[in-house]
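Here is a quick tour of one model, taken a few contacts at a time. Keep the structure open while you read.

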Amino acid sequence: MSLAEALLDLQELTRQLRRECPWDREQTARTIVPHTVEEAYEVADAALAGDAVELRGELGDLLFQVYFLALLLEEKGYGGLEEVARGVHEKLVRRHPHVFRDAEAASAGAVRLRWEELKTEQEGREGIFHDVPEALPALLQARKVQRRAATVTRKPQVAYASAGRS
C-alpha cells in the first residue's frame, strides 16, 4: 500500500466513524481537543523514551486527531484536510527562505531568529509575546515566554545573508 492510499484510507475511516459511531458523531472541537493534547503528550513520551515502536503507534493516534479535527472544519465549511496540508506546506516554504529562495542561514539559531522575524512580517504579529497559547500547561507556557524573552538579548550577528542564488 502506498502512502497516498494509506492516508486516503485513514480519511475514509475517519468519515465513516463520524457517520456511524454515536460517540464520534457527538464530538466537537471543544470535546476532542483534550484527547488531541493527550495524544501529543504520548508522542512526546515515546520520542523522549527512544521507543520507536511506541512512537509509531502514538503518531498514528495523533494523526487520527488531525484528520478528525480537519473533518470538523470541513463540516463547518472552513476547508478540510487538503486546505490544512496546503496551508502548512505554503507556510513552511515561506519560513524557509534559506532552502527555497536565495537566503543563507549561518546557524540553527539564525534560522530560529529569522522564523520569528518572518512571522512578524508576514502575519502582522507584534511584540515577542504574541500568540502564546493560554491552554499550555504553566511550565510549558513559562518556557515559551522565557525563550521568546531571551531572543531580545541573543540575536546572532549575521542571521541571514543573500546567497546570490536564483
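## Salt bridges

There are four salt bridges in this predicted model. Side chains of opposite charge can pair when their charged atoms come close.

Start with Glu74 and Arg15, whose closest N and O atoms are 2.7 Å apart. Glu74 belongs to helix α4 and Arg15 to helix α1, so this bridge ties together parts that are 59 residues apart in sequence. Both partners are partly exposed: Glu74 has a relative accessible area of 33%, and Arg15 comes in at 22%. For Arg15, that counts as partly exposed because the buried class is reserved for values under 20%.

Next up is the bridge between Arg18 and Glu75, at 2.8 Å from N to O. Here Arg18 sits in helix α1 and Glu75 in helix α4, so the pair links parts 57 residues apart in sequence. What about cover? Arg18 is buried, with a relative accessible area of 13%, whereas Glu75 is partly exposed at 44%.

Another of the bridges joins Arg19 to Glu12, with 3.3 Å between the closest N and O atoms. Arg19 is partly exposed at 47% relative accessible area, and Glu12 is partly exposed too, at 40%.

## The nonpolar patch

Now for the surface. Leu3, Leu7, Leu63, Val66, Leu73, Tyr78 and Val84 make up a nonpolar patch there, and together they offer about 620 Å² of accessible area. Two elements, α1 (3-20) and α4 (52-75), each give two or more residues to the patch. Helix α4 has the largest share, with three residues.

One member worth clicking on is Leu3, which is found in helix α1. Leu3 counts as exposed because its relative accessible area is 63%, and the bar for exposed is over 50%.

## Rings and a charge

How many aromatic pairs turn up? The count is one. In that pair, the ring centres of Phe64 and Phe68 are 5.9 Å apart and the planes meet at 50°, so the arrangement is tilted. An angle over 60 degrees would have counted as edge-to-face, and one under 30 as stacked.

Both Phe64 and Phe68 belong to helix α4, where they are four residues apart, or about one turn of the helix. Both Phe64 and Phe68 are buried.

There's a ring with a charge over it as well: the charged end of Arg95 sits over the ring of Trp115, at 4.9 Å from the ring centre.

## Two more buried residues

Tyr67 is another residue of helix α4, and it counts as buried at 8% relative accessibility. The C-alpha atoms of Tyr67 and Gly80 are 8.6 Å apart, with the two positions 13 residues apart along the chain as the separation.

Where does Gln27 sit? Look in the loop between α2 (22-26) and α3 (29-49). Buried or exposed? Gln27 counts as buried, because its relative accessibility is 8% and the cut-off for buried is under 20%. As for its partner, the Gln27 side chain reaches the backbone oxygen of Trp23 at 2.9 Å.

Notes. Residues numbered from 1 in each chain as written. Predicted model: local features only at pLDDT ≥ 70, side-chain atom pairs only at ≥ 80, totals over all residues. Heavy atoms only, no water. Patch = residues over 30% accessible without salt bridge, like charges linked within 9 Å, V, L, I, M, F, W, Y side chains within 5 Å. Areas by Shrake-Rupley, 256 points an atom, 1.4 Å probe, with all protein chains shown as cover. Salt bridge = Lys/Arg side-chain N within 4 Å of Asp/Glu carboxyl O. Buried < 20%, exposed > 50% of the residue type's maximum accessible area, 1.4 Å probe, protein only. Phe/Tyr/Trp six-rings, centres within 6.5 Å; stacked < 30°, edge-to-face > 60°. Lys NZ or Arg CZ within 6 Å of the ring centre and 35° of its normal. Polar contact = N/O pair within 3.5 Å; in protein donor to acceptor, adjacent residues only side chain to side chain.
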